[in-house]
Amino acid sequence: MNVFDVVSGALVLFGSALALTAAIGVVRFPDTLTRMHSASKPQVLGLLLVLTGAALRLRGQADVGMLILAGLFTLITAPVVANRVGQLAYREQSFRDDLLIRNELDDNGAN
Amino acid sequence: MSVVWISAAIMLVAAAAITVFRLLAGPGTLDRLVALDTIVAVTMCGIGTWAAYSLDTTATYSLTALALITFVGSVSVARFRVRDTDREPPQ
């Protein structure tokens, strides 16, 4: 058990903890936009932490490239999905007005 | 070291099980879509954790496949779904 394995275990553990907190947030938060905020944590940060941990454990093997590809594709595709879902949720008023500090889309009239 | 893997596995399974509640109960299609995305992300974390635990890289190819297929699925649902009617704004 060398230092790489310890760091890898810590990263995997932190990523799993992020996944658990995000799941609690998805269940507990009141509207779609806040649930999206919570759901994006394991999608990007948690997954990248776990993949980094796995890559540290699997160091030197050829299949580490697949882990890098998976992280890259997630980073590219997650903003697109968030944009589409967020725009739909805004258009259908699937959020609570009283929780917004400022509604910039409404300010500009670019609804 | 095995304590780390066991607690990571417990947290991931608990996360997936909790999210299923939102998938079943969520009042709108978008809530269910967000919950499904979360479950897939937790699954990907689980596959990565399995690869780190077992040093077995067989399943890592499915990580890339899942990353791409969920993108296509989510965008398709967001584009082609039927709009929710007869529901109140969240309280």
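What percentage of the contacts in chain B with a separation of 6 or more is accounted for by residues 24 or more positions apart? The share is 46%, where two residues are in contact if their C-beta atoms, placed from the backbone, lie within 7 Å. In chain A, 65% of the contacts between residues at least 6 apart in sequence join residues at least 24 apart.

The structure is a predicted model, in which local features need pLDDT of at least 70 and side-chain atom pairs count only at pLDDT 80 or more, whereas totals for chains, interfaces and linings use all residues. Residues are numbered from 1 along each chain as its sequence is written, and chains are lettered from A and ligands numbered from 1 in the order in which they are written. The pLDDT, the predictor's confidence in each residue from 0 to 100, averages 86 over chain A, and 95% of the residues score at least 70. Confidence in chain A is highest in helix 1 (residues 3-28), at a mean of 92, and lowest in helix 4 (residues 104-108), at 71.

Chain A contains four helices and zero strands, and chain B three helices and zero strands; helices (H or I, at least four residues) and strands (E, at least two) are DSSP runs, numbered from the N terminus. The radius of gyration, taken over C-alpha atoms, was set against a globule rule of 2.2 Å times the number of residues to the power 0.38. Chain A has 18 Å, where a compact globule of 111 residues would have a value near 13 Å. For chain B the radius of gyration is 16 Å, against a value near 12 Å for a compact globule of 91 residues. Along the principal axes, the C-alpha atoms fill boxes of roughly 55 × 25 × 20 Å in chain A and roughly 50 × 25 × 15 Å in chain B.

A residue is termed buried if 20 or more other C-beta atoms lie within 10 Å of its own, exposed if 12 or fewer, and partly exposed in between, with C-beta atoms placed from the backbone. Buried residues make up 43% of chain A and 41% of chain B.

At the interface, 44 residues of chain B are in contact with 51 residues of chain A. Helix 1 (2-25), helix 2 (29-54) and helix 3 (60-80) of chain B each supply at least two residues of the side of chain B that touches chain A, and the largest share, 15 residues, comes from helix 2 of chain B. This side divides into 29 nonpolar, 10 polar and five charged residues; Ala, Val, Leu, Ile, Met, Phe, Trp, Tyr, Cys and Pro count as nonpolar, Asp, Glu, Lys and Arg as charged, and the others, Gly among them, as polar.

The buried residues of helix 1 of chain B, including B:Val4, B:Met11, B:Ala15 and B:Arg22, pack against helix 1 of chain A together with helix 2 of chain B.

The largest nonpolar core, a set of buried Ala, Val, Leu, Ile, Met, Phe, Trp, Tyr and Cys residues joined through C-beta atoms within 7 Å, has 55 residues. Those with the most contacts inside this core are A:Ala19, A:Val85, B:Ala15 and B:Val42. Helices 1, 2 (32-57) and 3 (64-91) of chain A and helices 1, 2 and 3 of chain B each supply at least two of its residues, with the largest share, 15 residues, coming from helix 2 of chain B. Not counting residues up to four places away in sequence, A:Val85 touches A:Met36, B:Leu30, B:Leu33, B:Val34 and B:Ala78.
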